[in-house]
Structure formats: structure tokens, C-alpha cells
Amino acid sequence: MALKLEMQGQTYGPFINEYTARDVMLFALGCGAGSDGKTELDYVYEKNLKVLPIFAATQIVDAEVTKTIDYGFNWGGSLHWGFDLQIHQPLPTNPGKLTTKVLLKGLFDRGEGRGCLAQHIGETFDEAGVKLFTNESWDCALYDGGFGGPKAPIDIVEIPERAPDFEVEQDIPLNQALIYRLSGDDHPQHVDWEYAQEFGHPKPNLHGVSTAGVACRHVIQAMFTGEPERLTRFKTRLTKSLYPGCRVKTQIWKWSENCVHFRVMDANDPETFYLNFGLVEWK
């Protein structure tokens, strides 16, 4: 199927999402919060509930949004490539209604056999019209390269060559993708073994936002424990599929007073990086 290049530059929506405290807690569980049953309970317990900031990404990385902005790509080769999330106002924990409009800013050609990159810009507002966050999200359609489009702009966050200042490790539960998909990303590659293997995966992989949610938790834990509302920016690239059951290590480097760079690797394989070129800022 030919790509629908005419969809570039168009804004879609509004996409309306009503959320509750239960949705916030379910999302955090899908990002590995509370996996030891005793820490990070503020993300999963209504007593002192706090929102894991990357919850904001669900407003654009969502099945309804993806199906609406279907620019003709092959679904089996669709992978989340990365995102740059800027939080203007912390999301309240009490129930609310969010409105998001999404611009398909551009389609970029990586070449035959390497895929098409799609750049989406989403802006989300609360019921009073206050802009809460902006999300620049990138998807890669592996089977749709070679259409003659422009190359994507180069945008790399530097990772220092020195040893990291902080490291946080965690096992990824075998059922983490099954939990995360209940937050709205129901692509079959994350649950259906036959489907995943048909498109080159040995087994279902973990959602990109769930993987990034693990890193988000780790950075907050290392830099401003218990205060997720301080986070103002989260940026990363997803560089390799992660399969539940592995152990990951988030490596964190202090960059400035309120900024770190990070990456997520396989704790047992120093050559395997699941997330790279990561950046977190806070106030």
C-alpha cells in the first residue's frame, strides 16, 4: 500500500480521554511500579497518589490516535521510535477530561529495508483549556521505506564516555506488557506470540512507553525521590526491542543542576541498549 503523503501537515482530533485515579495506578503498574510490593507505592496506592509523569504519553501513543492517523503504513512493522515529552503543568490525580490534538508533522525516509519515520506533535489540554503537556512522538514503519521522502533531522543527546553517576537495576516481569496494554496500546505484537513471530520477534515485546516508564521511574528515584511532579521534560530514543523477563540497568549522568542524560541497557549484556540518548529535566 502506498503511503498517504497528503496527510502530512494535517492536525487530527480532538481526542478526548477521561481518566480516573484507577487509570493512573494501572498505568504505573504497567511501567513496573511497585513490583517489589513495598516501594514506589505513591504511584499505585490512592492514599498519597502521585502521577508517573510519562502517563502524559498515553494521550498520543494510543490505539485510537494511531488508527485515526493511519498514513498507509504496514502495521506489522510499526515500532515506537522515541519521543520528547514536555510537561507544562503536572497532571492532577483527581478524575478529569483531557483533550489532545495531534499534528502529523512529517514522514521521513530511512531507505528501502529501513523504514519510514513519522513525526507527530500532540498538545494536551485540561477541561479549563490549560495546556498540560506537549509530546513530540516518533514511530518507525519498518516496511515502508524507500518512498523518496526527505531524511529525518539529526537530533542526538550526548552520552558521556565516563562512568555513570547513578545506576538503577530492575527485573522486567514476564507479564508487564499484558498489564501495560490495558492502558490503551493494544497492538498485537505485545501479546500475540504468533503475530510477533510473523514479524520477526521471538516473542511479544514490551511497549516503548512502558520501557520508557521504567527509565522515568529510575531517574526520579535517583535524582528527586518522591517528587515526580518536578519533572518537566523526558526525551529518549528506543533503540532495541525489549522482551519481558530480562533485567535492565538505567545509567544516569549528571549534566547540569537540573538535567541528566541517561540510557537503559541489558544488565547482563553491556552491548545491548533498549533506550539511548535520553534526557530528563526538572524544576
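In which strand is Lys254 found? In this predicted model, Lys254 belongs to strand S8. The side chain environment of this residue, the sheet around it and the helices that pack nearby are described in turn below.

Lys254 is partly exposed, its relative accessible area being 47%. Leaving aside residues up to four places away in sequence, Lys254 touches Arg162, Asp165, Phe166, Met223, Cys259 and Val260. Ile156 lies 98 residues from Lys254 in sequence, and the C-alpha atoms of these two residues are 17 Å apart in space.

Strand S8 is part of an open sheet formed by ten strands. Their order across the sheet is S1-S3-S4-S5-S2-S7-S10-S9-S8-S6, and the pairing is antiparallel. Strand S1, residues 11-19, and strand S6, residues 166-171, are the edge strands, each pairing on one side only. On average, and with direction ignored, neighbouring strands of the sheet are turned by 25° against each other. In general, the strands of a sheet pair through backbone hydrogen bonds, in either a parallel or an antiparallel manner.

Several of these pairings can be followed residue by residue. Strands S2 and S7 are antiparallel and share five bridges. One position of contact between the two is given by Gly82, whose bridge partner in S7 is Arg237. On the next pairing, S7 is joined to S10 by six bridges, again with the strands running antiparallel. Here Arg237 stands opposite Asn276 in S10. Strand S7 is mostly covered, since six of its eight residues are buried. Strand S10, which spans residues 269-282, is also joined by seven bridges to strand S9, residues 259-266, and these two strands run antiparallel. Within S10, Asp269 stands opposite Asp266.

Helix H5, residues 208-223, packs on the sheet. The strands that H5 touches are S2 (78-87), S6, S7 (231-238), S8 (247-256), S9 and S10. The direction of H5 makes an angle of about 55° with that of S8, the strand that holds Lys254.

Helix H5 also takes part in covering another helix, H1. In H1, which comprises residues 21-30, the buried residues are Val24, Met25, Phe27, Ala28 and Gly30. The elements that cover these buried residues include S1, helix H3 (176-180) and H5. Just after H1, Gly32 adopts a positive phi of about 85°.

A domain annotation is also available for part of the chain. An unreviewed UniProt entry lists residues 18-137 as "domain: Peroxisomal multifunctional enzyme type 2-like N-terminal". Over residues 18-137, the chain is 13% helix and 36% strand. The C-alpha atoms at the two ends of this stretch are 21 Å apart.

Finally, the cysteines were examined. The structure holds zero disulfides. Why do Cys116 and Cys140 not form a bond? The sulfur of Cys116 has its closest cysteine sulfur in Cys140, and the two are not bonded because the separation of 7.7 Å is too far for a bond. The relation also holds from the other side, as the closest cysteine sulfur to that of Cys140 is in Cys116. Both residues are covered: Cys116 is buried, with a relative accessible area of 0%, and Cys140 is buried, with a relative accessible area of 2%.

Definitions and conventions:
Residues numbered from 1 in each chain as written. Predicted model: local features only at pLDDT ≥ 70, side-chain atom pairs only at ≥ 80, totals over all residues. Heavy atoms only, no water. Pairing = 2+ DSSP bridges. Helix = DSSP H or I, 4+ residues; strand = E, 2+ residues; numbered from the N terminus. Axes fitted to C-alpha atoms, helices over the stretch in contact; angles between N-to-C directions. Contact = heavy atoms within 4.5 Å. Buried < 20%, exposed > 50% of the residue type's maximum accessible area, 1.4 Å probe, protein only. UniProt positions renumbered as here; feature names shortened; annotations may be inferred. Disulfide = S-S within 2.5 Å.
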